[in-house]
Each structure stands twice: as structure tokens, then as C-alpha cells.
Amino acid sequence: TNFLANMSHEIRTPMAAMLGFIELLDDPTVTGEGRADAMATIRRNGEQLLALINDILDVSKIEAGAMRIESAEFDLPRVLGDVVALFKPTAAKKGIEMALEFATPMPSMVMGDGTRVRQVISNLVSNAVKFTDAGSVRVVASVDPGRAGLVHLRVVDTGIGMSPSVVSRLFMPFTQADASMTRRFGGTGLGLSISHQLARMMGGDIKVRSVEGVGSVFEATFAASPVDGTNWLAKPIAIVAIAGAPEVNEQHLEPERFQAPVQPATATAEHGPMHGVHVLVVEDGI
């Protein structure tokens, strides 16, 4: 019953907004800025609805044992940089500092499921930004020296934190901290449950430490073996700022402290399998 009530509410809210603003577009007296605002609202709610449907499908696949983890080369530092860049504008609007740091040198090209890694990290970063009103959100990446190919990603925030009772049920599907949290922040509680399952399917896990009123640390681990001959980066590559968000302060590390081979911190796109390939994309839609 709770599931049906939550899902119907989460689906109905963006649908109602979309239908309402579509009707507004039919009003000939609405022009210019009003139409642009209406289109932006329809797009935003459509994306919210699509994300919800994707989460429900992912939960169904996992429960049915139909979820498959792929293994292919992907650029791990680029994925991390893309996720941080994606949420920088939202963090900037809230006055939150956002940074990507490497605690150890990181391999450029690794073997794993880049799409699912991006999904897990995006969910953790999204939650951190959502529940943080002041301070910072940091994504700290490292490789495990004791287990080759195991990547650690910590998402550290200075947000509202959680009590031990909330943490104990955090990864249950369709669960948030309590009803007041759902009203205040929205969401279905599906994202963390899905991310937890995906991390385990990728040979890792997600663990959390939190203090109410102080902040939280989510640590995700997953298997991603370095590709033979790949570059190792001592610091993140430059993150492209989106929508005027401030540049990330890169943390300069001391590579000699680590045993992993370190190469100059150059953009991995210059050495990847797509180097020299030109792609033309033609699209006739607005």
C-alpha cells in the first residue's frame, strides 16, 4: 500500500505539471518568456518522470535477476569529472563548494561497466548535494593497494546527516529517512537501493558513516582493473565548468608516496582508442 501511494504521488506530480503547462502553451496570450518558462518546466518534469520510470525498471530487473554488468574499457577519471561537472551548477546555486580529489594516482582506462559506475556515483553525489545546504561535497577517489583493480570512491558532505536508525534502513527500496524528508526533499528512496545492489554486482559495496547535523560519508567500491599500459593520473583532469559554475580547486598530490606508476596528468582523450577519430552528428530537431 505504501509503495503504491508513493509511486502514484511521484508519477502524478510531474505528470500534472506537464499537462498544466502544455495547456498554458495553447493560450495565445502567453508569448515570449512565458512560453520559454513553460517549456523549461515541461522538460524538467519530463526528465524527472523518466528518471523515476528508469529507477522502477532497474529495480524490476535486479529483482528478476535480469540486470547484467558489462565489461569494457572506459575512462574512469573522465566519468568522475563528468559527474562532478554535472552537479556543479546546482551546488553553486546553493553556495556549496564541490571538488574532485585523487587520494592515490588513478588509472585512466579501466575494465568495467562505465555506465553503471556513472549511475552509482551520480546517485551518491546527487543525494549529497540535495541534503547539503552549506559547506562542501567532495568526491575522493583512490585505488586499493591491497587488492588490485578495486576502486574506492568516497562522497563526503557536510549536510544534514542521519541517525543510526535511519542508516540501518537506508538501502531498503522505497525508503527515505521519514515522511517529513520525503515532503521536504522529494524522491522515492529507490536510488540508493539500486546503487547498493549495482555496487555489489560489480564486486564491491556501499557503506555509510553519518552523524546527524554534521554530515555523511558514502564509500562505494567496485572492481575496475587498469588496462595494460594505461596512464596513471596524480590529480584530476580539468573539469569543464557548466553554467558559470566556479572551477574546481585541483589537489596536487605527491606521486612519490605511492607505488603505482605515475604518468604526466594529461587529458586521456589524447591517448584513448578514439584519438584521431572525427564524428559528425546531424540533428534536425530544435
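The following is a conversation between a biologist and a modeller about a predicted model of a protein.

Biologist: What makes up the protein in terms of helices and strands, and how many residues are buried, as a percentage?

Modeller: The protein has 7 helices and 10 strands, and buried residues make up 44% of its 286 residues. About 15,800 Å² is exposed, and carbon and sulfur atoms supply 56% of that area.

Biologist: Why is strand S5 called largely enclosed by the rest of the structure?

Modeller: Strand S5 covers residues 136-143, and 7 of its 8 residues are buried, so the strand is largely enclosed by the rest of the structure. To count as buried, a residue must have under 20% relative accessible area.

Biologist: Which strands pair with S5, and in which sense, parallel or antiparallel?

Modeller: Strand S2, residues 97-102, pairs with S5 in the parallel sense over 6 bridges, and in that pairing Leu-100 has Val-139 of S5 as its bridge partner. Strand S6, residues 150-157, pairs with S5 in the antiparallel sense over 7 bridges, and here Ser-142 has His-152 of S6 as its bridge partner.

Biologist: What lies between S5 and S6?

Modeller: The two strands form a hairpin with 6 residues between them, and in the turn Gly-149 has a positive phi of about 85 degrees.

Biologist: How do you know that helices H2 and H7 are oblique to each other?

Modeller: Helix H2, residues 33-64, and helix H7, residues 190-201, pack at an angle of about 40 degrees, with their axes 10 Å apart. Angles under 35 degrees count as roughly parallel, and those from 65 to 115 as roughly perpendicular; an angle of about 40 degrees belongs to neither class, and H2 and H7 are therefore oblique to each other. Their crossing is left-handed, and the contact is made by residues including Leu-52, Ile-56 and Val-59 of H2 and Leu-190, Gly-191 and Ile-194 of H7.

Biologist: Why does Gly-272 count as buried?

Modeller: The relative accessibility of Gly-272 is 18%, and because the cut-off for buried is under 20%, Gly-272 counts as buried. This glycine is found in the segment after strand S10.

Biologist: How far apart are Gly-272 and Met-109, in sequence and in space?

Modeller: Gly-272 and Met-109 are 163 residues apart in sequence and 8.0 Å apart in space, C-alpha to C-alpha. For the protein as a whole, residues 24 or more positions apart account for 74% of the contacts with a separation of 6 or more.

Note on methods:
Residues are numbered from 1 along each chain as its sequence is written. This is a predicted model: local features need pLDDT of at least 70, side-chain atom pairs count only at pLDDT 80 or more; totals for chains, interfaces and linings use all residues. Side-chain values use heavy atoms; hydrogens and water are left out. Buried means under 20% relative accessible area, exposed over 50%, partly exposed in between (1.4 Å probe, protein chains only). Helices (H or I, at least four residues) and strands (E, at least two) are DSSP runs, numbered from the N terminus. Two strands pair if DSSP finds at least two bridges between them. Contact means heavy atoms within 4.5 Å. Accessible areas come from the Shrake-Rupley method with a 1.4 Å probe; for residues, only the protein chains shown count as cover. Axes are lines fitted to C-alpha atoms, for helices over the stretch in contact, and angles run from 0 to 180 degrees between N-to-C directions. Angles under 35 degrees count as roughly parallel, over 145 as roughly antiparallel, 65 to 115 as roughly perpendicular and the rest as oblique. A crossing is left-handed if the near helix is turned anticlockwise from the far one by less than a right angle, and right-handed if clockwise.
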